[in-house]
Amino acid sequence: MMTLEQIESAILQLSPDEFEKLMKWFADLDYQRWDEQLEKDAADGKLEALAAEAIAEFEAGHCREM
């Protein structure tokens with residue numbers, strides 16, 4: 001396994017095209033992990049309080065159209 005320092009060094013040696021591809025891959029991975037965590041949190045009921053608060057704010061008329 002590579003160390004973080006080795007990975008950083010390898011990234012600095014990438015061509016601009018390879019670096020762009022790495023950035024896209026990394027962003028896609030980050031979005032995928034974010035989605036997985038959000039789905040897990042929703043399934044675990046961790047978002048219920050936030051949803052209830054948002055509904056209460058809406059019903060109280062504290063929301064505006066954007």
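Trainee: Let's start with K40 and D44: how far apart, N to O, are their side chains where they meet in a salt bridge?
Mentor: Happy to, and keep in mind that this is a predicted model. K40 is partly exposed at 46% relative accessibility, and D44 is partly exposed too, with 44%. A salt bridge requires a side-chain nitrogen of Lys or Arg within 4 Å of a carboxyl oxygen of Asp or Glu. The side chains of K40 and D44 satisfy this, with an N to O distance of 2.8 Å.

Trainee: How many salt bridges does a search of the whole structure find?
Mentor: The pair K40 and D44 is a salt bridge, and so is the pair K24 and D28. K21 and D17 also meet in this way. Searching the whole structure gives a total of 4.

Trainee: Which helix holds both K21 and D17?
Mentor: Their side chains form a salt bridge at 3.4 Å, N to O. K21 is exposed, with a relative accessible area of 55%, while D17 is partly exposed at 43%. The two sit 4 residues apart, about one turn, and the element that holds both is helix 2 (residues 16–43).

Trainee: Is D28 buried or partly exposed?
Mentor: D28 pairs with K24 in a salt bridge of 2.8 Å, N to O. Both belong to helix 2, where 4 residues, or about one helical turn, separate them. K24 is exposed at 54% relative accessibility. For D28 the relative accessible area is 38%, so it falls between the cut-offs of 20% and 50% and counts as partly exposed.

Trainee: How far apart are the end C-alpha atoms of helix 2?
Mentor: You can predict this one by hand! Helix 2 has 28 residues, and at 1.5 Å a residue the expected span is 40 Å. The end C-alpha atoms agree with that expectation, being separated by 40 Å.

Trainee: Is D41 buried or exposed?
Mentor: D41 is found in helix 2. Setting aside neighbours within four places in sequence, D41 is in contact with K46 and L47. Its relative accessibility is 16%, which is under the 20% cut-off, so D41 counts as buried.

Trainee: Which residue takes a positive phi just after helix 2?
Mentor: Helix 2 covers residues 16–43, so look just past its end for a phi of about 80°. The residue with that positive phi is G45.

Trainee: And which residue takes a positive phi just after helix 3?
Mentor: Helix 3 covers residues 48–59 and reaches 16 Å from its first C-alpha to its last, close to the 16 Å expected. Just after helix 3 there is a positive phi of about 80°, and the residue is G61.

Trainee: How many Å separate the C-alpha atoms of A49 and A27?
Mentor: A49 has its place in helix 3 and is exposed, with a relative accessible area of 58%. A49 and A27 are 22 residues apart along the chain, and the distance between their C-alpha atoms is 29 Å.

Trainee: Which residues make the nonpolar surface patch of about 300 Å²?
Mentor: One member, I7, lies in helix 1 (residues 4–12). I7 is partly exposed at 36% relative accessible area, so it passes the over 30% cut-off for patches. The patch, of about 300 Å², is made by M2, L4 and I7.

Terms used:
Residues numbered from 1 in each chain as written. Predicted model: local features only at pLDDT ≥ 70, side-chain atom pairs only at ≥ 80, totals over all residues. Heavy atoms only, no water. Buried < 20%, exposed > 50% of the residue type's maximum accessible area, 1.4 Å probe, protein only. Patch = residues over 30% accessible without salt bridge, like charges linked within 9 Å, V, L, I, M, F, W, Y side chains within 5 Å. Areas by Shrake-Rupley, 256 points an atom, 1.4 Å probe, with all protein chains shown as cover. Expected span 1.5 Å × (residues − 1). Contact = heavy atoms within 4.5 Å.
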